[in-house]
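Let us work through a few exercises together, each with a solution in small steps. Keep the sequence and the model open beside you as you go.

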Amino acid sequence: MAVIPMKKMTLFALKRDRKTLLEFLQRRGAVEVTDVPLNDELFSKTDSSRQFAHFDRCQNTVRQALELLDHYAPEKKSMFSSLQGKPELSPAEYDELVRTHEEAIAAARRIVALSRSIAEAKAEQTRLENQLAALNPWLSLDLSMRFRGTRQTAAFIGTVPDALSLETLLGFLAQEAPDAAVHAEILSSTPDQTCIFVLCMKSQSGAVESALRAHGFSQPASPTKLSPAETAAEYRRHIQELDAQIGQKEEEIVSFAPMRPRIEFLADYYAMRREKYQVIDKLSQTKNVFVLQGYLPAPTQQQVEKDLAPFCAAAEFSDPDEKEQPPVLLQNNRFSEPVEGVIEMYSMPGKRDIDPTSVMAVFYYILFGMMLSDAAYGILMAIGCFFVVKKFPKMSASLQKTLRMFFWCGVSTAIWGALLGGWFGDAPAVIAKTFFHSDFSIPALWLVPLEDPMTLLMISFVIGIIHLFTGLGIQFYQLWKRGDKAGAIYDVGFWYGLLIGLIVWLMSTDMLRSMANLSFTVPPAVVTAAKILAGLSAIGIIATAGRESRAPFKRLLKGLYGLYGVTNYLSDVLSYARLLALGLATGVIASVINQMGAMGGDSVFGAIVFILVFIIGHIFNLAINLLGAYVHTNRLQYVEFFGKFYEGGGEKYTPFAANTKFYTIKEEN
């Protein structure tokens, strides 16, 4: 377990070489660049806001173009494509794609423009369809809706509220305009409105219009010159033309499918350029020179110096001072390295922390396996993760770490399952009894949890105590290494004495001996020594827990409060009861699934039912309990274990590199 020491680098180079040098450092991915403070009036900073806006626009165009290609010309990928890793580009291929990137961005812009035209055409179609729907009530009218009559007649074309019959219409016209000679037609009628056509002599139009207005008559807005039927036909023709245009534009978008790899490269290219300008903003520069500062792992210093040799640049390397917080890079063996991601999710080690990965890995695998505790599940996990890692070696490093972590969790689960007798729950016994009428079973190598849960509970507590004591031991080591030997004794040594004394004393009580089925008796002399040790340790905690206070009474109160922390240790130990709970849950649910599957009996139908229930049920059981084991194992690490020694607060080492999504740029040595 190790936190790789960091070196601080200050680089001076000619400004004319800035572009080449930064691109080279980005491909190498060896230096985390930090902001250079302005300590001299000769130096200045660069404002790259205009470049950022340009890159953001281009990235947005590329993203939209790729989304459109995925919609209109989806790429056929296997279900394992995400595991295959990103294609590699040689420097020559990269340079060629950069040289022709204007053609690719033009294609992306054309795709987006076509999509915009399609959206506008569809909006126009919707508008025409709405207008077409509005014409439906008027289709029986063979005149233009603008028709207002002839030289001698007046025409009224419009609507009145509610449903209206021809008799009612003629009735109120006759009543309210008795002298008018009227011809009326009902063009259409719904519960909400009635479309009407009324014709009368022009000299009588005033009285007729007044009668119609009195009943809510209104004329249609923006009528066309053509008749409704002719207008509807024109709308349909226009809709068909728009359909054809949309089809042509969609086909043109599909024709850009071969450009997808080059457009994907653009996403990486503009992301890299944006990152480069973010670094440029951190530089300090004059008219001819620029200064770059950053951190790099100490083991890579010589290689970086060799890489910089061809450039007209001078690099200075130094150790970070005490006030600086350099980025954190962990280095562990293949057994413990997979759980580095668990630490990253919590927090990277701070300056005062050691790397807990190796110690945590041992407990992580043990705790996870005990929670899942089914040998068959563990074997499936281990084989599946091993196969995927070997089959797809180019997958992302983070995903590979995760799969390797679950491989070791699977190995631990298989061991715990064999010890506790879990093979798909009690599947061997159920299958043998149901279909072969045999009493065959695979016996547990150690104990059966359902038959002896108290023993397993005590084992869970013992593992928890070892876990907690290990955390305290790491804290003792950290304090001692810092030179705070008194703090190591006061804050850890006294707690060791108190907890060990209490544990030995409790082991001598009849209640605990009965619960744990202890076959031995603690000698009275040992019990007396344990009580004395616990008492002296408690006094030591009271005397030293508030040692930073000068007032004696305040120091005493803080000491008593510190001793009250023993209840936290009790709750921490009780938290490890989840090892028993989750292990029992996995086994009980698996057994219930087996019993449900066997309800069909010894028959062909029963075998089919058993197979279906077995497969579906155990997949569900494995998934839900694997998630539970993962969450609760993390919880025991974060709360109980890390709470004893870990401060965290470090920042992960993130070098200036080609952080790409679609391609890996392979730098030649």
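**Exercise 1. Find out which residues Asn634 touches, beyond its sequence neighbours, and place it in the fold.**

Step 1. Leave out residues up to four places away in sequence; Asn634 then touches Val342, Met345 and Tyr364, where contact means heavy atoms within 4.5 Å.

Step 2. Look up its element: Asn634 belongs to helix α22 (residues 604-641). Helices here are DSSP runs (H or I, at least four residues), strands are runs of E with at least two, and both are numbered from the N terminus.

Step 3. Asn634 counts as buried because its relative accessibility is 6%. The classes are buried for under 20% relative accessible area, exposed for over 50%, and partly exposed in between, with a 1.4 Å probe and protein chains only.

A word on the ground rules: this is a predicted model, in which local features need pLDDT of at least 70 and side-chain atom pairs count only at pLDDT 80 or more, while totals for chains, interfaces and linings use all residues. Residues are numbered from 1 along each chain as its sequence is written, and side-chain values use heavy atoms, with hydrogens and water left out.

**Exercise 2. Describe the largest nonpolar core and its contacts around Ile111.**

Step 1. Start from the rule: a nonpolar core is a set of buried Ala, Val, Leu, Ile, Met, Phe, Trp, Tyr and Cys residues joined through side-chain atoms within 4.5 Å.

Step 2. The largest such core holds 71 residues, and those touching the most other members are Met9, Leu21, Val62, Ile111, Ile263, Tyr270 and Leu292. Helix α4 (residues 101-135) supplies the largest share of this core, 12 residues.

Step 3. Zoom in on Ile111: not counting residues up to four places away in sequence, Ile111 touches Ala65, Leu68, Leu69, Ile253, Phe256 and Ile263.

Step 4. Apart from the largest core lies another, of 51 residues, including Leu83, Val388, Met395 and Tyr576. As background, nonpolar side chains tend to be buried together in soluble globular proteins.

**Exercise 3. Characterise the second largest pocket by its volume and its lining.**

Step 1. Its volume is about 830 Å³. On a 1 Å grid over the protein atoms alone, a pocket is an open set of points where a 1.4 Å probe fits, with protein on both sides within 12 Å along at least five of seven lines; lining residues have an atom within 4 Å of a point. Grid points are joined across faces, edges and corners, and the volume is the space filled by probe spheres set on them.

Step 2. The lining has 25 residues, and Ile465, Ile503, Leu506, Leu512 and Val573 are the closest to the pocket centre.

Step 3. At least two lining residues come from each of α15 (453-482), α16 (485-507), α17 (510-516) and α20 (566-575). The most come from α15, with eight residues.

Step 4. Sort the lining by type: 24 nonpolar, one polar and no charged. In this sorting, Ala, Val, Leu, Ile, Met, Phe, Trp, Tyr, Cys and Pro are nonpolar, Asp, Glu, Lys and Arg are charged, and the others, Gly among them, are polar.

**Exercise 4. Place the salt bridge of Arg63 and Glu67, then that of Arg404 and Glu337.**

Step 1. A salt bridge is a side-chain nitrogen of Lys or Arg within 4 Å of a carboxyl oxygen of Asp or Glu. By this rule there are 27 salt bridges.

Step 2. Arg63 and Glu67 meet at 3.1 Å, N to O. Both sit in helix α2 (residues 49-72), four residues apart, about one turn of the helix. Arg63 counts as partly exposed at 41% relative accessibility, and Glu67 counts as partly exposed at 46%.

Step 3. For Arg404 and Glu337, the closest N and O atoms are 2.8 Å apart. This pair links distant parts of the chain, 67 residues apart: Arg404 is in helix α13 (residues 397-420), and Glu337 is in the loop between β11 (330-331) and α10 (340-346). Arg404 is buried at 10% relative accessibility, whereas Glu337 is partly exposed at 22%.
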